[in-house]
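Me: Give me a close look at one part of this model: the ligand surroundings, and whatever ties into them. Keep it brisk, and state the cut-offs.

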Amino acid sequence: PADGDSADTLLRRAAVAAAVAKRRAQPVFRYDSECDPFTQERLAVVTDLWGAAERGELRLEFLPAVDLPARNTVSAEALVRWRRPGKGLLFPCDFIPIAERSGSIREITRWVIQEAVAACATWQSDGIPLGVAVNLSTAGIHEPGIVEIIEQALQVHGLPPTSLTVELTESGVMRDPKVATQVLGSLHALGVRSAIDDFGTGYSCLAHLRNLPVHALKIDRSFLQGGLADPQDRNIVQSTVNLAHQLGLSVVAEGVESEATLELVSSLGCHRAQGHHIARPLHRRSLGPWLSTSGFPALA
Ligand code: C2E
Ligand code: MG
Ligand code: MG
């Protein structure tokens, strides 16, 4: 009875469990609502998400990134939020996976690119020399015309392509390295920079990594959560830095939460850092005031 009180529900949930078992190559899987794309709540999110960008319910916050060891702020990463009517502010983990499956990710991706490029163009015309980064999901790189969408946004707002970085997660890249290589190659040809996000949490094939036209690896914040007190975490950061150096890539440490961790990642050879010790995600207009008071100024 815990899994349903009607034949319909039980059959539908058995089908969901069977699909998960097949996907995971597991002989047995017990129904779990976490893995069910058709729960009432998820279906309601799917419905509410359609048109969210058009209705002005999305907004971006920007997470500064500093270069090391100088500690100048060099760019800011756009992070999307959704003010869902009657439900408050939602973070990407609550709606991006659902948007990916339902298709509304296309609208979100376009909106994020436009807004992030526009924000960066405004900073630059106000004399704030920062770049901007956007996150693309797996569905994002499969969207037909994604390269043209990015190119057009840069043209419309007059932003130099080198000011934009596109971030793809390691698992997203490795799920379809061929498409990722194509898209990143085209973006590279435009002059757009790219980074592999959440590095260390997926399974990178080093042969693919070598051939990918990327500029940076972003070490996942799970490795920095304990402030690198665990020697294993430190080893992972050090190995990633070594690997990146061999491949001619730069390394960004994500999730730096203390001064000690910032000093440590700098001494381990990371080129950049982000995290709550530097700043929490900021509104686009708060970035200027933050730069002048934070101790992490933009380059003069
Ligand atoms: P991400 O790209 O790795 O972004 C970093 C996440 O870690 C952000 O969470 C950020 O607020 C959080 N964070 C940064 N520094 C710290 C720290 O020092 N401590 C802690 N505890 N957290 C920190 P957020 O905004 O919830 O985003 C989560 C993920 O959602 C992002 O991970 C990214 O993969 C995805 N995402 C965000 N915006 C977009 C978007 O516009 N499109 C797509 N497709 N995905 C997005
Ligand atoms: Mg990111
Ligand atoms: Mg990340």
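Reply: Start at Arg221. One of its polar side-chain atoms lies 3.0 Å from an oxygen atom of ligand 1. Asn135 brings a polar side-chain atom to 2.9 Å from a ligand 1 oxygen. Glu254 does so at 3.0 Å. A polar contact here is a pair of N or O atoms within 3.5 Å; within protein, one must be able to donate a hydrogen and the other to accept it, and residues adjacent in sequence count only if both atoms are side-chain atoms. Taken alone, ligand 1 exposes 800 Å², and the protein buries 83% of that. These areas come from the Shrake-Rupley method with a 1.4 Å probe; for residues, only the protein chains shown count as cover.

Some ground rules. This is a predicted model, so local features need pLDDT of at least 70 and side-chain atom pairs pLDDT 80 or more, while totals for chains, interfaces and linings use all residues; side-chain values use heavy atoms, without hydrogens or water. Residues are numbered from 1 along each chain as its sequence is written, with chains lettered from A and ligands numbered from 1 in the order written.

Which residues come nearest to ligand 1? Of the 21 around it, they are Glu77, Arg81, Asp197, Glu257 and His276. A residue counts as near if one of its heavy atoms lies within 4 Å.

Now the metals. The magnesium ion (ligand 2) has four protein donors: Glu77 (OE), Asn135 (OD1), Glu167 (OE) and Asp197 (OD), at 2.0 to 2.2 Å. Donors are N, O and S atoms within 2.8 Å of the metal (3.2 Å for Na, K and Ca); water is not among the atoms, so sites may look incomplete. Along the sequence, the donor residues of this ion are spaced E-x57-N-x31-E-x29-D. Glu77 sits in strand 2 and Asp197 in strand 6, so the pair ties together parts 120 residues apart in sequence. Helices (H or I, at least four residues) and strands (E, at least two) are DSSP runs, numbered from the N terminus. Glu77 and Asp197 are both buried. Buried means under 20% relative accessible area, exposed over 50%, and partly exposed in between (1.4 Å probe, protein chains only).

The magnesium ion (ligand 3) is coordinated by Asp197 (OD), Asp198 (OD) and Glu254 (OE), with Glu254 (OE) listed twice, at 2.0 to 2.4 Å. Its donors follow the spacing D-D-x55-E. The two magnesium ions, ligand 3 and ligand 2, are 4.4 Å apart, and Asp197 coordinates both. Asp197 and Glu254 link distant parts of the chain: Asp197 is in strand 6 (residues 193-199), Glu254 in the loop between strand 8 (250-253) and helix 11 (259-267), 57 residues apart. Asp197 has a relative accessible area of 5%, so it counts as buried. Glu254, at 11%, is buried as well.

Charge pairing runs through these residues too. Side chains of opposite charge can pair when their charged atoms come close. Glu167 forms a salt bridge with Lys218, the closest N and O atoms being 2.8 Å apart. The cut-off: a side-chain nitrogen of Lys or Arg within 4 Å of a carboxyl oxygen of Asp or Glu. Glu167 lies in strand 5 (residues 164-169) and Lys218 in strand 7 (residues 216-219), so this pair ties together parts 51 residues apart in sequence. Both Glu167 and Lys218 are buried. Salt bridges with shared partners join Glu77, Glu167, Lys218 and Glu254 into one network. Glu77 and Glu167 are donors to ligand 2, and Glu254 is a donor to ligand 3.

Strand 2 carries another pair. Arg84 forms a salt bridge with Asp48, with closest N and O atoms 3.0 Å apart. Arg84 lies in strand 2 (residues 73-84) and Asp48 in helix 2, so parts 36 residues apart in sequence are tied together. Arg84 is buried at 4% relative accessible area, whereas Asp48 is partly exposed at 28%.

Helix 3 (residues 92-102) meets strand 2 as well. Its buried residues are Phe95, Ile96, Ile98 and Ala99. They pack against helix 2, strand 2, strand 3 (88-90) and helix 4 (105-125), where contact means heavy atoms within 4.5 Å. Just after helix 3, Gly103 takes a positive phi of about 100 degrees.

For the overall tally, the salt-bridge count comes to 14.
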